[in-house]
Amino acid sequence: MPFSNIRAQYVMCQKWPPANRPAERVGCSGMHHIALLLMLLMRATAHLNMTASPTSDSTYLLRSTMPPTVFTLSVTKARRISSRRGKSDSPMLNYIFDSYATSNKHFHDNFKGPSFEDDINSDKIINTDTGATVLFDCRVSSLRDKTVSWLRVSNDTNLELLTVDLETHTTDPRYKVDVAGETWKLSLTDAKVQDSGIYCCHVSTHPPMLRRFRLVVHPPEIKMNNEAFLESGETLSLKCAVLHLNPGEASELHWYRGNNTTPLDEIRSGVLVETDLLTLTSHLQVAHLKVEDAGNYTCALESPITMRAVARVHVLQGSSLAELQSGVKTTTSYIGLLLTSLIIIFYTNFEDVR
């Protein structure tokens with residue numbers, strides 16, 4: 001059909017709408033769709049001609065000042081028709097509407113939401129020593145516009161806000177937060193026993209996402225044998241070790257005897273002290289023991305905290321040591337004989353009762 005005839009028929013439908021003639025009303029509706037499609041094609045053609053090679057300033061002005069509301073109003077009207085009838089009769093309009101609806105979906109319809117990349121059904125246990133630096137790693141994929149926060153749960157009821165994104169919200173300077181790729185890292189320096197508890201990586205989804213970490217900071221302790229028996233002239237050998245304490249640059253271990261406050265290696269010859277500050281262990285050796293060397297020997301940690309372990313050292317003459325060992329063996333044998341006799345008596349009485 002020539003464009004002039006289409007235009008004339010469209011104008012007629014606009015001037016004399018066929019309100020009481022159903023057949024003509026259907027025709028005018030189809031004519032409206034055809035006219036709308038032609039106007040859309042004309043607008044696209046004008047835009048291409050304007051971009052390619054404008055012939056003159058007046059032509060460019062004419063093409064660039066076409067009413068911009070024609071397509072918007074037509075789409076709105078066509079959408080109303082589509083909502084009443086399902087889809088319109090024009091395949092081209094249906095294609096335009098479908099493309100517009102697909103391109104304007106919210107990004108959450110096209111991408112998955114945030115998620116943790118490890119198991120969140122159980123707490124992650126972190127064991128550490130006093131004074132150590134603790135790292136909490138929380139890996140979140142597809143975070144997008146959400147916020148990551150770190151919380152601490154104290155007394156199973158109170159929540160303490162530590163960080164939000166890269167900002168610290170606690171007055172404790174030992175806490176720091178950093179991010180590397182998709183991993184959010186919370187660091188705690190100089191851990192103390194009272195820092196033990198639950199730490200949560202929180203993502204601001206709805207409902208919120210939580211990844212729990214259970215921190216256990218072990219208290220330090222110092223260990224050494226409590227007692228030693230030696231014969232005069234022998235060499236004393238004692239070892240002590242500090243456990244669950246992160247070694248620091250100012251760590252100090254010293255040995256003392258009795259109530260002296262001066263280290264043993266400074267007041268007696270023949271004393272050898274070997275200390276490893278990386279493992280916080282120390283080995284004391286005292287050569288050519290004398291009776292007067294008997295007493296309490298103390299292994300003392302001076303810093304970063306003060307801890308002491310004491311061993312009682314007995315220095316005996318050769319005959320005394322032999323008598324002591326013989327007495328220990330005699331006592332042990334006597335106790336064993338007594339227990340055997342009790343078992344025999346109990347078994348005999350049990351047989352008589354039966």
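**An aromatic cluster and a hairpin in a predicted model**

A search of the whole structure finds five aromatic pairs. The model is a predicted one, and the description below begins with these rings before turning to a hairpin and to the confidence of the prediction.

A pair of aromatic rings is described by the distance of the centres and the angle of the planes. Phenylalanine 136 and tryptophan 150 form one of the pairs, with their centres 6.1 Å from each other and 50° between the planes, a tilted arrangement. This pair links distant parts of the chain, since phenylalanine 136 belongs to strand 3 (residues 134-141) and tryptophan 150 to strand 4 (residues 148-154), 14 residues apart. Phenylalanine 136 has a relative accessible area of 0% and is therefore buried. Tryptophan 150 is likewise buried, with a relative accessible area of 0%.

Tryptophan 150 also pairs with phenylalanine 213. Here the centres are 5.7 Å apart and the planes meet at 45°, so that the pair is again tilted, because planes under 30 degrees apart would count as stacked and those over 60 as edge-to-face. Phenylalanine 213 lies in strand 10 (residues 209-218) and tryptophan 150 in strand 4, so this contact between rings ties together parts of the chain that are 63 residues apart in sequence. Phenylalanine 213, too, counts as buried, because its relative accessibility is 0%.

The ring pairs join Phe136, Trp150, Tyr175, Tyr199 and Phe213 into a cluster. At phenylalanine 213 a charged group is added to the picture: the charged end of arginine 211 sits over the ring, 5.4 Å from its centre.

A further element is the hairpin formed by strand 7 and strand 8, with two residues between them. Strand 7 (residues 175-180) and strand 8 (residues 183-188) run antiparallel and are joined by six bridges. Alanine 180 stands opposite threonine 183 of strand 8. In the turn, glycine 181 has a positive phi of about 70°.

The confidence of the prediction varies along the chain. The mean pLDDT is 74, and 58% of the residues reach 70 or more. Over residues 51-88 the pLDDT stays under 50, and the model has 28 contacts for this stretch beyond four places in sequence. Residues 95-109 also have a pLDDT below 50, with eleven contacts in the model beyond near neighbours in sequence. Where pLDDT is low, the predicted coordinates should not be read in detail.

Terms used:
Residues are numbered from 1 along each chain as its sequence is written. This is a predicted model: local features need pLDDT of at least 70, side-chain atom pairs count only at pLDDT 80 or more; totals for chains, interfaces and linings use all residues. Side-chain values use heavy atoms; hydrogens and water are left out. pLDDT is the predictor's confidence in each residue, from 0 to 100. Contact means heavy atoms within 4.5 Å. Rings of Phe, Tyr and Trp (its six-membered ring) pair if their centres lie within 6.5 Å; planes under 30 degrees apart count as stacked, over 60 as edge-to-face and the rest as tilted. Helices (H or I, at least four residues) and strands (E, at least two) are DSSP runs, numbered from the N terminus. Buried means under 20% relative accessible area, exposed over 50%, partly exposed in between (1.4 Å probe, protein chains only). A charge sits over a ring if NZ of Lys or CZ of Arg is within 6 Å of the ring centre and within 35 degrees of the ring normal. Two strands pair if DSSP finds at least two bridges between them.
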